[in-house]
Structure formats: structure tokens, C-alpha cells
Amino acid sequence: MAELKRTPLYDEHVRCGGKLVDFHGWELPVQYSDGIIKEAKAVREDIGVFDVSHMGEIFLRGKDALKVAEYLVTNNVSKLKYGEICYTPMCYEDGGIVDDLLVYKKTSEEILMVVNASNVEKDFNWIKQNAESYDIEVLNKSDQYAQLAVQGPNVQEKLQEYSGVRLDQIPFYSFKEGRFNGIDCLISRTGYTGEDGFEFYTSTEAVIPLWRKFIEIGAKPAGLGARDLLRFEACYMLYGNEISKNTTPLEAGLKWTVDFEMAFIGKAALQQQEEKGLTRRLKAFEVIEKGGIPRTGNKIFSGDQEIGFVTTGNKSTTLNKIVALGYVPSKGFKLGKEVEIEIRENKRLKAKVVKKPFYVGSVNPDKHSDK
Amino acid sequence: MKKYTESHEWIEVADGIATVGISEHAQEQLGDIVYVDLPQEGNELSKGDTLCSIESVKSANDVYTPVSGEIVEINSSLEDTPETINESAEGEGWICKIKLSDEAEVEGLMNLEEYKKMVESEG
């Protein structure tokens, strides 16, 4: 086995009772001593802190930075003001997804792309390859940045007094550079939990005192298990599960992130898919029969016919319901429609189509907007 | 006295009836348990058969019967409170009771000390 990479917080995780696992080549805590349910609850009801230093930071710098960013992703970067962020897929020519990421519009000549840890190399090469004929530099600075996500309904109130930046003046999906407890950070009002929250990008040295400060303030350390459960309840995509090179943003229900007014890689394929009509779509299901929990890859049936597959399934501990996301034909599976999910050989459970997301937390674009 | 299996179940025998559960170590490894697919009373099982499935927020895990026999009682309270296994894996979190068809099968199982050694060697 290749040696696992560790974030600067490795020793802190061990100290907090972290149960470390191999996550795409990174040794990270799946949970701490109190367990996933309590960690998820802390984030839903108060605040929690996640070490997400494994995420990738790729910078586009130079005269054509904006132009290249606009062309690489499906969402409309040109509409963003400086200091704003958008969530977006990045597609191949055939409309399949290279990765989903956040685009930070820093200046006319500097764009930051925050990408999934599992995709850093692939994304970096893809971006470089497509930027060759332009006047920009593509820099993979993932090793120089650490990142913490502090998430939960009480986040602004609990963090404000230590922040050199007015947190209430950072609207949802915006960022500011400044100091937190004396530490230089890029502070962005983003997250992956469905709750209000901030993500702090800082140096690999400064992240240890920052982590300790958040814990001192009362944020509960939360691991990958809670992170996955929370993003799943909020129906956020996980690359490799809901989205991949074999799915398009339209199938995944990400049409809101695709701006056909713009020129971007994959546009023709997506437009064609849009015109022809989708054959399948990502839907949400609630299991309405006892017997187990659907998991990734389980088959979905309608009568005797296999019609699709589960991308993620779990018990939502916030809602106390067993729920799943999965691809089924785009026609004929409206809200309330019953299907069966095969959780193992010869065992199928009744489920019905429900609304996405399963859970709406304290994330509210309007609440933090100063418009 | 409790006996343990390599697949992390425990049993305790009294009057030809074995109470079966998963070990404290196993529950720790599983993390928060959210569902137990309990076996059916009256089922006849052979040693090593799948007894039931325990689901944590992380994964589904099969539990195997350490002995052959008939299931004579199940801990139906686990249906509504599966977390009892996390709280008391080797006590109130027992899964079912099995009427032994071959008491000699118990002899081959590990005692606590042997089980602890095995767990340590698994690292």
C-alpha cells in the first residue's frame, strides 16, 4: 500500500480520538470518539468543525484567467462579482463530469478553483491541457493550503468576536481575506452540510492553532462520516457516487449550474441532451418498509424490471428515516411513485419517490444576502 | 462464561440455550448502529450461517451464528432501539437465543482472554 498522506492536523485527530481511515490516499478521521450521530447532530443544532485540508486548491493566474475559467466550467463565472463564489461542474466534451468544484473570483487575473481531493491530479492536468494556448499560469497549491469547515446554525454568533472580518458582511457564497484570531485566512461562507457555515483557508502551519481555537469556542470535531451523512441529507453531490464521467449535470439535477448562454466545454453535448430529453434522472427515495438500508450500487426495480441504481443510501439520523438517492428513468417516476430497492439478493424493500433535498438546514441564500 | 468467535460474536450458554450477540470490540468497530435486521424465531441454523445483518451509519455487516440450533427468542427491542448494541453489546444488546443442537460446538470457541489476544494481533 502506498504511504497515506496526512494533513497538518493528524496529531490533533489522534488526540481527539479520531478513527483514521484511508480516504482516497489520505489518512483522515471517519469519526471521533463520540461517533457520527452525535457529530452530525452538533452540526445541525450548534457548530462542528471539519478538517478538509485534503481538498485541492488550483489557481489560474494571468491575463486570461477569467476567460479560461468561464470556458472550463458550466456555470456562469462572468456573472460573479469579485469576492463571489459559484458551485459548478466541470465537464468533458461529451458532457460527462470531470469534477464538481467551487470557483472563487478573486481578481480579473486570479481565479481559485477548489476541487475534490480524489481528483486533484486529474483536474490539474485537464485544466492545464485546456489552458495551453492562453496567457495564464495554472498552479496546484494544494500542498500549501490547509482548510477547515466550521458549520452549524450558531456559527456566525459563536465565531464573530474572534474574527477580524465582519462575518455578517460575508454573504452566502462570498469570501473575504482577513484575520481570524490573528491568523491570516481566506474566509468563505460555504459548506457541504446544508447548514450555515464558513470555510477557512490558511497555511499548513497556522491551521493547528486555528483548529484548537474553533474547538475552544465550542465547535465539535466532526469526521468524514458525519460530513457524508450531512451532505447526503442536504442532497449535495458526491463525486464518484451521484456524479462521475458517466453522468451529466442535467441528469444529476444540476441544470441550475449550467448556463447555455456561455461557451464552455461540453456545451454541445449537454444542449443535445436537453433537446432530446433526458433518459434518466437522479431522484430521492424514502424506504417505506422495514428490512435494511439501501447502499451504493443497489438495484432499483419497478415490478420485475430493473430500472436504475442507488448512488447513496443511509439512515438520515436527523429525520429518523431511511432514504436514498438514485438514478431512474426520467419519465414515470413522479413524487409518491413506488419502487423497490434490492438491498441484497432476494431482498427488496418498498420505497417511494420524495422531494429533494431530504433536509433543509440553516443554509439560506436570502438570509445572508445584503441585497 | 462467555465464549467468542473469530468473526466477533459472543455466546453464553445456560441450560442448553445460547444467548448470542456481537462483541464490545465489534460494536466499537461498527460505530453508530442504526438498524438491526433481526432473525426469525423458529428458524433452524447451522454453525456459520448468517444470523442477521447489523447496519451502522457506515456500512452493513453480517453476523454469523457461532452454533447450530433453533432460534427460540429474539431481542425485539433492538428493532426500535438498535443503539442498545452500542451501549451494551455484551449485555442488553444481545441479539437472540438459540437452542443448541450440538453442545460440543461451544468447546471450539475462544474464551475472553484468547479473544482479546486475537483482537490485539489483528491490530
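This is a guided tour of a predicted model, moving from one chain to the other and then into the interior of chain A.

**Stop one: chain B**

Begin by selecting chain B alone, whose secondary structure comes to three helices and nine strands. If you follow the backbone along the sequence, these elements appear in the pattern β-β-β-α-β-β-β-β-β-α-β-α. Turned along its principal axes, the chain has C-alpha atoms that fill a box of roughly 35 × 35 × 20 Å. Its radius of gyration is 13 Å, which agrees with the value near 14 Å that a compact globule of 123 residues would have. Of the residues in chain B, 41% count as buried, and among the contacts with a separation of 6 or more, 63% are between residues 24 or more positions apart.

**Stop two: where chain B meets chain A**

Now show both chains and look at the contact between them, to which chain B gives 10 residues and chain A gives 14 residues. On the side of chain B that touches chain A, select β4 (33-37) and β6 (50-56), each of which supplies at least two residues; the one that gives the most is β4(B), with three residues. Colouring this side of chain B by class should show four nonpolar, two polar and four charged residues.

**Stop three: the two domains of chain A**

Hide chain B and colour chain A by its domain assignment, which gives domain 1 (10-52 + 143-233) and domain 2 (279-354). The centres of these two domains of chain A, taken over C-alpha atoms, are separated by 32 Å. Where they touch, six residues of domain 1 are in contact with five residues of domain 2. On the domain 1 side of chain A, the elements to select are α2 (36-45) and α7 (224-233), which each give two or more residues, and by class that side has four nonpolar, no polar and two charged residues.

**Stop four: the largest nonpolar core**

Next, select A:A69, A:V103, A:I111, A:L148, A:V150, A:F200 and A:I341, which are the residues with the most contacts inside the largest nonpolar core, a set of 123 residues. Strand β17 (residues 321-329) of chain A provides the largest share of this core, namely six residues. Because domain 1 and domain 2 of chain A both give residues to the core, it lies between them.

**Stop five: helix α3 of chain A**

One of the residues just selected, A:A69, is also among the buried residues of α3(A), together with A:A65, A:L66, A:V68, A:E70 and A:L72. Since six of the eight residues of this helix (residues 65-72) are buried, α3 of chain A is largely enclosed by the rest of the structure. To see what surrounds those buried residues, add β4 (56-61), β5 (85-91), β6 (97-107), β7 (110-115) and α4 (120-131) of chain A, against which they pack.

**Stop six: strand β9 of chain A**

Finally, select strand β9 (residues 145-151) of chain A, which is mostly covered, with six of its seven residues buried. Strand β3 (residues 48-51) of chain A runs antiparallel to β9(A) and is joined to it by four bridges; here A:F50 has A:A149 as its bridge partner. Strand β12 (residues 197-203) of chain A is also antiparallel to β9(A), and seven bridges join the two.

Which residue of β12(A) is the bridge partner of A:V150? That partner is A:F198, and, leaving aside residues up to four places away in sequence, A:V150 also touches A:I47, A:V49, A:V155, A:L159, A:G197, A:F200, A:F214 and A:A219.

Note on methods
Residues are numbered from 1 along each chain as its sequence is written. Chains are lettered from A and ligands numbered from 1 in the order in which they are written. This is a predicted model: local features need pLDDT of at least 70, side-chain atom pairs count only at pLDDT 80 or more; totals for chains, interfaces and linings use all residues. Two residues are in contact if their C-beta atoms, placed from the backbone, lie within 7 Å. Ala, Val, Leu, Ile, Met, Phe, Trp, Tyr, Cys and Pro count as nonpolar, Asp, Glu, Lys and Arg as charged, and the others, Gly among them, as polar. A nonpolar core is a set of buried Ala, Val, Leu, Ile, Met, Phe, Trp, Tyr and Cys residues joined through C-beta atoms within 7 Å. A residue is buried if 20 or more other C-beta atoms lie within 10 Å of its own, exposed if 12 or fewer, and partly exposed in between; C-beta atoms are placed from the backbone. Domain bounds come from an automatic or database domain assignment. The radius of gyration is taken over C-alpha atoms; the globule rule is 2.2 Å times the number of residues to the power 0.38. Two strands pair if DSSP finds at least two bridges between them.
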